[in-house]
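Here are my notes on the model, set out as numbered points. Please read them with the coordinates open.

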Amino acid sequence: MQKQSRHINSYKPSARGEVSLQNNYPFRLNFYLEPPSNEISVEEFETFALDRLQVLKALESATIRNKPPAEVKQLLDKACHDYLPLDSNARNKQEQRRKDHVSHFILRLAYCRSEELRSWFLRQECALFRHRFEIEATNDKQAFLGSLNFSWSIVSPAHKQEILEELERCSGWAERCSGWAPSMQSVKQTVEKEIFFEVDFERVPDLVSRRAVYLRRGKAYVPMSEQISLVIEEFRKHLAKALEVTARALPRMDEDQRLLPVLTNINKQCMDNTYNSGGKGIAGKIGADDVDSLVHHFPPCMRHLHTQLREDKHLRHGGRMQYGLFLKGIGLTMDEALVFWRKAFSKITDDAFAKSYAYNVRHNYGQEGKRTDYTPYSCSKIIMSNAPSTGDHHGCPFRHFSAQNTEQMLLRYRVAPAAVREVMELVQGKHYQIACTKFFELTRPKEGVEGEGNPAQVENISHPNKFFEMSFSPTS
Ligand code: SF4
């Protein structure tokens, strides 16, 4: 492919004209009002999108798991640091901001195709913006908002005087509801110093539902301290409209053969990440006889396969593939794999094993047939393809077990009954990988902290080998 065709400049220059990269991003925060206008390579197009998606998925997972705000923040900080850093002091801060800008617009293209996708993207992007807004320094925040020219009207001193009593009555309402009543004196002082904005009440639904603002004749009087609600509502409104406009423009993009496959596969690729242990298993090279001692680090799907293998002295093809490649991923060499499976299938003769099973083992290691070096299955592959039928033991317990069997499995693995309910709610909501992540947290206490009630905090489980890696090496 010629170099030129590896670059995409599908966006028209903005109405404000082309701007050099150095001047493009004065702030870390971004309302994404203008699409990027400079070139981007196809490789960047894909990696930027996948990196942003990792952050949005981490955010979704933390929210679904009902994490307390402090833990959501911690998880999100980590995901942002790993995939989408925005460091004011970094030498490449303009590059970081460009990646944030470009990746947002790529996902906008990928997630504008249906109502469901749009609403998912909108939810996650609003939450990400809120997180960034909350941690931004006050000066930078105000400078950023100043650049946006919002048409909020500030309540004049005369008007404020007119409604002072009502403002005082509404102020401190949230604290009073939570059982802490500020003194009237402190309320008066706060209201006196506070700046209020007058906005249409529909623009601040969360403040109205919390009874945190004074309402009169269709207007809400929002104190500066609640400004974030106004900003988020503006962000949400703008993005919702932009997603619809993008959806209408999308058919024109379908002609671009470079982008379409990337856009349609972004979600699948993010879920279907291949596991790379850097050429060797995390546990180093392991022998056939080491497997039993490592089973307590295995995820439920592999533990189940191991148990059935020991019980039946046999596994059918689907189970051998799923478990065999997992063991390969944790460091079982081909020679040791042959020993392991030979010993495990103890009811059959050497001859029968050599004829019917040894080929498959060598095949998995790329030593037979097309000589493909197969990689272990990801969670999404296990969950979405090749459902097990009677007599099969492959698959994901959270997806393929009955509710009763899943509950029994959780209790067997010493998950407390109250926590079992939490995991089962996730299963019922079809959040299988998040249920597995919750299971990991419940069964692996934080490093250095014993017992339940101090669950570890982990990124979303997306691969059985990642589960093993995190359990085997808690610092990984
Ligand atoms: S979510 Fe993934 S790792 Fe967990 S049990 Fe299912 S397939 Fe295995």
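The points below run from the whole chain to the ligand and then to single residues.

1. Status. This is a predicted model. Please read every value below as computed from that model.

2. Overall make-up. The chain has 476 residues, and 46% of them count as buried. Its secondary structure comprises 25 helices and six strands.

3. Contacts and surface. Take the contacts between residues at least 6 apart in sequence: 70% of these join residues at least 24 apart. The exposed area of the chain is about 25,000 Å². Carbon and sulfur atoms account for 51% of that area.

4. Ligand site. Where does the ligand sit? It occupies the second largest cavity. Around the ligand are P299, C301, C379, I382, C396, P397, F398, C436, I461 and P464. Two helices, α20 (379-384) and α21 (397-400), each give at least two residues to this shell.

5. Shell chemistry. How many residues of each class does the shell around the ligand have? Ten are nonpolar. None is polar and none is charged. For anyone setting up a calculation on the site, the cysteines C301, C379, C396 and C436 are among the surrounding residues, as are the prolines P299, P397 and P464.

6. K438. This lysine belongs to helix α24, which spans residues 432-443. Is K438 buried or exposed? Its relative accessibility is 10%, so K438 counts as buried, the cut-off being under 20%. Beyond its neighbours within four places in sequence, K438 contacts R65, E422, V423 and L426.

7. H131. Helix α5 (residues 115-135) holds H131. The relative accessible area of H131 is 8%, and therefore it is classed as buried. Setting aside residues up to four places away in sequence, H131 touches K73, L76 and D77.

8. K93. Helix α4 covers residues 93-110 and includes K93. Because its relative accessible area is 30%, K93 is partly exposed: the class lies between the 20% and 50% cut-offs. K93 touches D87 and S88, with residues up to four places away in sequence not counted. K93 and Y25 are 68 residues apart along the chain, yet 8.9 Å separates their C-alpha atoms.

9. E192. The position of E192 is in helix α10 (residues 184-193). A relative accessibility of 63% is over the 50% cut-off, so E192 counts as exposed. What is the C-alpha to C-alpha distance between E192 and E168? It is 8.9 Å, for two residues 24 apart in sequence.

10. R211. Most residues other than glycine have a negative phi. R211 has a positive phi, near 55 degrees. R211 is in the loop that runs between α11 (205-209) and β5 (214-216). With 53% relative accessibility, over the 50% cut-off, R211 therefore counts as exposed.

11. R414. Here too phi is positive in a residue other than glycine: the value for R414 is near 65 degrees. Which elements flank the loop of R414? They are α22 (403-412) and α23 (417-428). R414 has a relative accessible area of 71%, so it is exposed.

12. Recap. The ligand is in a cavity, with a shell of ten nonpolar residues. K438 and H131 are buried. R211 and R414 are exposed, and both have a positive phi.

Terms used
Residues numbered from 1 in each chain as written. Predicted model: local features only at pLDDT ≥ 70, side-chain atom pairs only at ≥ 80, totals over all residues. Heavy atoms only, no water. Near = heavy atom within 4 Å. 1 Å grid on protein atoms, 1.4 Å probe; cavity = no way out; pocket = protein on both sides within 12 Å on 5 of 7 lines; lining within 4 Å. Sits in = over half its atoms within 2 Å of the grid points. Helix = DSSP H or I, 4+ residues; strand = E, 2+ residues; numbered from the N terminus. Nonpolar A, V, L, I, M, F, W, Y, C, P; charged D, E, K, R; others polar. Buried < 20%, exposed > 50% of the residue type's maximum accessible area, 1.4 Å probe, protein only. Contact = heavy atoms within 4.5 Å. Areas by Shrake-Rupley, 256 points an atom, 1.4 Å probe, with all protein chains shown as cover.
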